[in-house]
Amino acid sequence: MLTTRRTLALVAPAATVLLALTACGGGSDPLEEDTGGAEPTGGSDTIVVGSQAYYSNEIIAEIYAQALEADGFTVERNFSIGQRDAYMPALESGEVQLFPEYTGNLLQFFDPETTATSPDDVYTALAEALPDGLTVLDQSPATDQDSYNVTAQFAEDNDLTSIGDLAGLDDLVVGGPAELEQRPYGPQGLKDVYGVDVSFEATGDTTVQDLVAGSVNVANVFSADPRIQTEDLVTLEDPESLFLASNVVPLVSEDVADQVADVINPVSAALTPEGLVDLNVQSTEEQRSSEDIAADWLAENDLG
Amino acid sequence: MNLFADAVAWIFSPDRATGSLPLSEAIGTHLAFTAVSVLIAALVAVPAGWLIGHTGRGREVAVALSGAARAVPSFGLVLLLVLVFGVTHKVAASTTAFVLLAIPPILAGAYAGVEAVERRVVDGARSVGMTSGQVLRKVEVPLGLPLLIGGLRSATLQVVATVTLAGYVGSWGLGFYIVQGIQLRDFSQILGAALVIVVLAVLLDLLFALAERAVVPRGVSAGRTQEDAPVRRRRRRATAPSPT
């Protein structure tokens with residue numbers, strides 16, 4: 001190692017990389033953090049609620065927060081923490097105690113090799129895959145999961161209702177985030193499960209725009225995306241469960257799970273798939289704040 | 001296994017020749033984005049820089065503009081331009097962002113090179129009857145070349161690193177592997193792609209370092225210290241006939 005380092009030290013950038021590497025060598029996951037020692041920041045009646053940097057997730061987190069406040073808890077909001085890599089260490093250390101999550105994507109995070117795809121299988125597998133100290137409450141019927149979508153025009157022209165109807169169409173281009181290429185439900189899954197041949201195009205944050213502009217024919221969009229309504233897209237049915245079911249589920253620290261279950265479980269039960277799209281539309285189309293959306297939703301459902 | 005070894009294994013894996021984006025193609029698009037962006041930026045910034053350096057006018061504007069341009073967050077710029085140009089023009093949008101990023105260092109190199117030419121040399125050129133255009137072409141530009149190439153060098157390095165962002169908007173360049181790897185938590189892929197970018201950057205930097213050295217003899221006295229000036233002059237008389 002020393003001689004390698006000496007040789008490489010001649011080239012400054014490479015040396016920097018190498019030093020960074022030796023510093024984090026050993027563990028398989030360099031982002032892994034030491035989770036021991038950190039204490040929950042809140043007192044016994046203070047619940048720290050977190051959310052992803054995703055407006056829809058923040059609305060659900062705000063609903064949790066307001067429901068808890070209505071029940072007499074003190075709530076500390078720690079919203080927009082980013083993606084799973086960023087917030088999971090905070091949950092594992094107890095800094096954040098309650099977090100709206102999605103069963104399938106969360107299961108994939110802890111168990112990338114999972115074969116479960118139906119909602120109940122995923123929920124059961126998830127309960128086993130979670131690290132010590134974390135648990136999930138009841139899952140909600142609301143889903144926010146990957147789905148394949150086409151424009152209404154394209155669906156009509158080719159008589160499409162289910163993913164399988166794509167089989168036999170030529171020159172299909174599927175667009176989605178870069179990682180879709182490697183996901184089990186990506187191009188390979190489409191071929192194996194439905195016999196659909198597609199080429200892949202990474203479209204990042206502009207997947208829906210690319211679909212509407214015609215640079216891709218099929219787009220991987222989250223099922224609760226309001227643009228499925230507003231851009232007149234057709235979500236193709238998935239009878240073979242190619243996609244991992246991803247229901248909204250509260251991820252919670254074990255030590256406060258019993259305290260909050262009575263408040264949060266009725267919220268999960270009341271949140272429907274259509275209800276979730278509705279909440280999202282209020283945010284993206286009407287530009288309402290998550291506080292107002294959450295307050296109205298709780299009042300409508302007699303949960304506030 | 002060591003992460004570094006995994007990353008190197010990722011680079012040389014036979015899987016890199018297949019898939020939706022083979023590694024060779026990714027390196028190709030990465031370099032193409034870099035070359036085209038720097039070239040367009042040079043076409044704009046070099047003449048402008050020479051003019052500013054030659055006339056001495058517009059210098060404050062150029063300094064302020066290039067200073068401000070350096071503060072523009074490139075990631076935001078790429079996404080903004082994609083939305084402004086429309087998703088069917090992603091290549092043009094990303095290239096524009098990289099061009100804007102490359103302009104300030106090239107502009108600075110071009111006008112600083114011309115400005116750095118000693119006034120006595122310029123006066124000398126005028127006194128032997130050169131027109132303003134000849135002074136620029138035959139004196140200021142050749143003597144300013146090392147600084148201009150220095151500007152191109154830093155622009156190229158900046159762009160070759162930033163082209164990584166193209167991976168966020170399409171299946172292009174080495175950034176694609178990094179963007180994909182982050183979501184898949186595939187650290188050998190992230191590091192492997194990053195190492196290839198580092199190698200490209202180091203190679204390009206070496207190329208420019210050689211180019212900078214190659215043009216120095218023409219710029220004899222520009223930027224030389226008093227002690228090594230006579231040595232230079234003697235050697236020049238013996239070998240090279242004239243700077244033009």
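What share of the contacts in chain A with a separation of 6 or more comes from residues 24 or more positions apart? The share is 75%. This is a predicted model, so every value here is computed from predicted coordinates.

**Two chains**

Chain A mixes helices and strands: 13 of the former and 10 of the latter. Chain B has 11 helices and zero strands. Its elements, read from the N terminus on, run α-α-α-α-α-α-α-α-α-α-α. In chain B, too, residues 24 or more positions apart make up 75% of the contacts with a separation of 6 or more. The table sets out length and burial.

| Chain | Residues | Buried |
|---|---|---|
| Chain A | 304 residues | 39% |
| Chain B | 244 residues | 40% |

**Chain A: domains**

The domain assignment splits chain A into two parts. Domain 1 is built from three stretches, 14-32, 45-143 and 248-300. Domain 2 is one stretch, 146-235. The C-alpha centres of domain 1 and domain 2 of chain A are 27 Å apart.

Where do the two domains of chain A meet? Eight residues of domain 1 are in contact with five residues of domain 2. On the domain 1 side, helix α12 of chain A (residues 273-284) gives the most, with five residues. By class, that side of domain 1 of chain A has three nonpolar, four polar and one charged residues.

UniProt, in an unreviewed entry, places "domain: ABC-type glycine betaine transport system substrate-binding" at residues 45-300 of chain A. In the model this span is 43% helix and 18% strand. Its end C-alpha atoms lie 27 Å apart.

**A buried position in chain A**

Val252(A) sits in strand β10 of chain A, residues 248-253. Why does Val252(A) count as buried? Because it has 26 C-beta neighbours inside 10 Å, and 20 or more are needed for that label.

Leu134(A) is 118 residues away from Val252(A) along the chain. The C-alpha atoms of the pair are nevertheless separated by 5.8 Å. Leaving aside residues up to four places away in sequence, Val252(A) touches Gln97(A) and Leu98(A). Val252(A) also touches Thr135(A), Val136(A) and Leu137(A). Ala257(A) and Val260(A) complete the list.

**Chain B: annotated spans**

For chain B, an unreviewed UniProt entry gives the feature "transmembrane region" at residues 31-52, 64-85, 91-114, 159-179 and 191-211. Two of these spans are described here. Residues 91-114 of chain B are 100% helix and 0% strand. The end C-alpha atoms of that span are 34 Å apart. Residues 159-179 of chain B are 62% helix and 0% strand. Here the end C-alpha atoms are 18 Å apart.

**Where the chains touch**

How many residues does each chain bring to the contact? Chain A brings 23 residues and chain B brings 24 residues. On the chain A side, α2 (12-24), β7 (199-202) and α9 (207-213) each supply at least two residues. Of the elements of chain A, α2(A) gives the most to this side, with five residues. By class, the side of chain A that touches chain B has 12 nonpolar, six polar and five charged residues.

Key. Residues numbered from 1 in each chain as written. Chains lettered and ligands numbered in written order. Predicted model: local features only at pLDDT ≥ 70, side-chain atom pairs only at ≥ 80, totals over all residues. Contact = placed C-beta atoms within 7 Å. Helix = DSSP H or I, 4+ residues; strand = E, 2+ residues; numbered from the N terminus. Nonpolar A, V, L, I, M, F, W, Y, C, P; charged D, E, K, R; others polar. Domains from an automatic or database assignment. UniProt positions renumbered as here; feature names shortened; annotations may be inferred. Buried ≥ 20, exposed ≤ 12 C-beta atoms within 10 Å, placed from the backbone.
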